[in-house]
Amino acid sequence: MFLDSDLLMSALRALTPILLAALGGALCERAGVFNIGLEGMMLMGCFTSVATSWFTGSAWLGVLAAALAAAAYSLILAVGAVTLRGDAVVLGIAMNLLAVGLTGFLLRTVFGVQGTFDDPSLAGLPLIGGFTPLAYLSWAAVAVAALLLSRHVWGLRLRGVGEAPDAAATLGVSPAKYRYGVILLSGVLCGLAGAQLALGNVTLFTENMTAGRGWIAVVAVMLGRAAPLGVLLAALLFGLAEAAGFRLQGLGLPQQATDAAPYVVTLGALFLTTARRRRRPRTTGAVQ
């Protein structure tokens, strides 16, 4: 049977890194910052978590280091887009490209290997009920983010910064501080996503191991309209696509075809979303 409990478990494991990164992107979107640097932040988290876990023997220190390293890396976007008023899209693309080259260089420099670092002594994250603690954290983060954005004064101010920054400033709310805060928070979440990917889903580091998951997280933000529940559902869709790809590979389909499954779903979702948005103004105009 193709659809079974094992497929669902696999989808939930694939969901976690995408969901964590997408939540960070959603918070940035609410503050008026389009963060497409999620891929690079995740990749920095992957490498830092593996390097720290290997040197210290502690996976949890690896998780902490990944969160701090990705947050520090996110300062490139914060300073460039908020303080210097640069183009966030250009900065995000540059961050993604830099992360690929930098982690590849560090892999050779720190471990003296090329391509993949895998060591039996590398400590991975423990499993509780088939999932790592970061998986449960990601689910709880959805509820916390939804509550903050809808009920808490911080979330309401954040939405005001994104929708009307000049009006928020006249009320004594600093758009720059809120944007710095959410960009750093997105870095932390992407670092946790990278740690989950490198120490939870597998226990190794390979060059460019995020393999587009950060870009998928950006699409999840768009599909979910930066709402925590919508982001969760969009991320679950991509998790199911990835799990289905692995299942089809086990049934004999070529690896290249099954690896493309999440990205085919991504392109299809973008096409449907764009088509739906283009139809709306015409419908509204016809009614008026």
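**Stop 1: Ala 217**

Select Ala 217, which lies in helix H9. The model on your screen is a predicted one. Is Ala 217 buried or exposed? Its relative accessible area is 0%, and the cut-off for buried is under 20%, so Ala 217 counts as buried.

Now add Ile 18 to your selection. How far apart are Ala 217 and Ile 18 in space, C-alpha to C-alpha? The distance is 5.3 Å, although 199 residues separate the two in sequence. Leaving aside neighbours within four places in sequence, Ala 217 is in contact with Ile 18, Ala 21, Ala 22 and Leu 38. Show those side chains and keep them on screen for the next stops.

**Stop 2: Ile 18, seen from the other side**

Centre the view on Ile 18, a residue of helix H1. Ile 18 counts as buried, with a relative accessibility of 0%. Which residues does Ile 18 touch, not counting those up to four places away in sequence? They are Arg 213, Ile 216, Ala 217, Ala 235, Phe 238 and Glu 242. You can also try a distance from Ile 18 to Gly 214: their C-alpha atoms are 6.9 Å apart in space, while the two residues are 196 apart in sequence.

**Stop 3: helices H1 and H9**

Widen the selection to residues 5–30, which form helix H1, and residues 213–223, which form helix H9. The axes of H1 and H9 are 8 Å apart, and the helices pack at an angle of about 50°. That angle makes H1 oblique to H9. The crossing of these two helices is right-handed.

Which residues meet here? From H1 come Ile 18, Ala 21, Ala 22, Gly 25, Ala 26 and Glu 29. From H9 come Arg 213, Ile 216, Ala 217, Ala 220 and Val 221.

**Stop 4: Ile 216**

Click on Ile 216, which also lies in helix H9. Its relative accessibility is 4%, so Ile 216 counts as buried. Then pick Thr 266, 50 residues away along the chain: the C-alpha atoms of Ile 216 and Thr 266 are separated by 6.7 Å.

**Stop 5: helices H2 and H9**

Keep H9 on screen and add helix H2, residues 38–56. The axes of H2 and H9 come within 7 Å and cross at roughly 135°. H2 and H9 are therefore oblique to each other. H2 passes H9 in a right-handed crossing. On the H2 side, Leu 38, Glu 39 and Met 42 make the contact. On the H9 side, look for Arg 213, Gly 214, Trp 215, Ala 217 and Val 218.

**Stop 6: the loops on either side of H9**

Select Ala 211, in the loop between strand E2 (205–206) and H9. Most residues other than glycine have a negative phi. What is the phi of Ala 211? It is positive, about 50°, although Ala 211 is not a glycine. Ala 211 has 35% relative accessibility, so it counts as partly exposed.

Next, jump to Arg 225, in the loop between H9 and helix H10 (228–250). Arg 225 is not a glycine either, and its phi is positive at about 55°. With a relative accessible area of 42%, Arg 225 is partly exposed.

**Stop 7: helices H6 and H8**

Hide the earlier selections and show H6 (residues 153–163) with H8 (residues 175–201). Their axes are 10 Å apart, and the two helices pack at an angle of about 110°. That makes H6 roughly perpendicular to H8. Trp 154, Arg 157, Leu 158 and Val 161 of H6 make the contact with Pro 175, Tyr 178, Arg 179 and Val 182 of H8.

**Stop 8: the nonpolar core**

In soluble globular proteins, nonpolar side chains tend to be buried together. How many residues does the largest nonpolar core have here? It has 76, and those with the most contacts inside it are Leu 77 and Phe 205. Select Leu 77 and look around: beyond its neighbours within four places in sequence, its contacts are Val 33, Asn 35, Met 41, Val 82, Ala 88, Leu 91, Met 95 and Ile 183.

**Last stop: the whole chain**

Zoom out and colour by secondary structure. The protein chain has 12 helices and 2 strands. From the N terminus on, the elements run α-α-α-α-β-α-α-α-α-β-α-α-α-α. Of its 288 residues, 45% are buried. Finally, switch on the surface: the accessible area of the chain comes to about 13600 Å², and 67% of that belongs to carbon and sulfur atoms.

Methods. Residues are numbered from 1 along each chain as its sequence is written. This is a predicted model: local features need pLDDT of at least 70, side-chain atom pairs count only at pLDDT 80 or more; totals for chains, interfaces and linings use all residues. Side-chain values use heavy atoms; hydrogens and water are left out. A nonpolar core is a set of buried Ala, Val, Leu, Ile, Met, Phe, Trp, Tyr and Cys residues joined through side-chain atoms within 4.5 Å. Buried means under 20% relative accessible area, exposed over 50%, partly exposed in between (1.4 Å probe, protein chains only). Contact means heavy atoms within 4.5 Å. Helices (H or I, at least four residues) and strands (E, at least two) are DSSP runs, numbered from the N terminus. Accessible areas come from the Shrake-Rupley method with a 1.4 Å probe; for residues, only the protein chains shown count as cover. Axes are lines fitted to C-alpha atoms, for helices over the stretch in contact, and angles run from 0 to 180 degrees between N-to-C directions. Angles under 35 degrees count as roughly parallel, over 145 as roughly antiparallel, 65 to 115 as roughly perpendicular and the rest as oblique. A crossing is left-handed if the near helix is turned anticlockwise from the far one by less than a right angle, and right-handed if clockwise.
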